[in-house]
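Biologist: I am new to this model. Please take a close look at the strand pairing, then add a word on the helices.

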Amino acid sequence: MTRNLLRRDLAEEITARVLDGRIAADSRINEVHLARELGVSRTPLREALIGLADRGLLVSAPNRGFLVPPFDPEEARQLYPLVAELESLALRWSSPQDLAGLTGGLDRIAGEMAEELGRQGDLSTLDDRWHALLVSRCTNPHLLRLLEQTKPLLKRYDARYFGGAERSRESIDEHHRIAEAIRAADLDAAVGLLGRNWVKTLAYLEDMG
């Protein structure tokens, strides 16, 4: 159990460093230096790195170790519409009654996002929680598994996206509107708003270059 917790803690720390730029995109991870800096042996560190490579945050390259992949606009253009479709399907695989029970929680998390934005904090974790709650009543386990496999690939892009305060505020408002559409039992409107939220995110990232 201790080893599993250590591996998880290391994965979270490395993820944070990749997302905030302390470990730069398009760079190789120096395992010896990083293990020394984190005060751990290379074995649990390598296990954490392998796990992050499996999730798509890192790339394992023969004879080069682990690399932080560069930002890839084409990858973003493929991933964001895919996740939008998967989440929309997850809503349609949820009963209206179950979805209605989520709206208070969705609004609360969106409110926390607004507070965190005021503190200039990290919104990506709260956004993950919001989307996880949104699809939590989906009754199709295969669909949820696809989302679990795909969503981590967006993490590098989300970190860039939530760097913009104006777009972040707009996204938070959209989160509230999606919750309101669900509360009104207007699933088509909720799905439409959700899809536009993802499309706007992609457009914003493309504008950033």
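Modeller: Two strands pair if DSSP finds at least two bridges between them. Strands are DSSP runs (E, at least two residues), and helices are runs too (H or I, at least four residues), numbered from the N terminus. The model is predicted, so local features need pLDDT of at least 70, side-chain atom pairs count only at pLDDT 80 or more, and totals for chains, interfaces and linings use all residues. Residues are numbered from 1 along each chain as its sequence is written, and side-chain values use heavy atoms, leaving out hydrogens and water.

Start with the sheet. It is open and has 3 strands. Their order is β1-β3-β2, with antiparallel pairing. The edges are β1 (27-28) and β2 (59-61). Each edge strand pairs on one side only.

Take the β1 side. Strand β3 covers residues 65-68, and 2 bridges join β1 to β3. These two strands run antiparallel. Here S27 faces a partner in β3: V68 stands opposite.

Now the β2 side. β2 and β3 share 3 bridges, again in the antiparallel sense. V59 has L67 of β3 opposite. The two strands also make a hairpin, with 3 residues between them. In that turn, N63 has a positive phi of about 65°.

Next, one helix pair. Helix α6 spans residues 103-118 and helix α10 spans residues 165-183. Their axes (lines fitted to C-alpha atoms over the stretch in contact) give angles from 0 to 180 degrees between N-to-C directions. The axes of α6 and α10 come within 9 Å and cross at roughly 170°. The two helices are therefore roughly antiparallel, a label for angles over 145 degrees.

Which residues of α6 and α10 meet? Contact means heavy atoms within 4.5 Å. On the α6 side they include T103, L106, M113 and L117. On the α10 side they include A165, I172, H175 and R183. The residues of this contact divide into 9 nonpolar, 6 polar and 3 charged. Ala, Val, Leu, Ile, Met, Phe, Trp, Tyr, Cys and Pro count as nonpolar, Asp, Glu, Lys and Arg as charged, and the others, Gly among them, as polar.

Terms used: Parallel < 35°, antiparallel > 145°, perpendicular 65-115°, else oblique.
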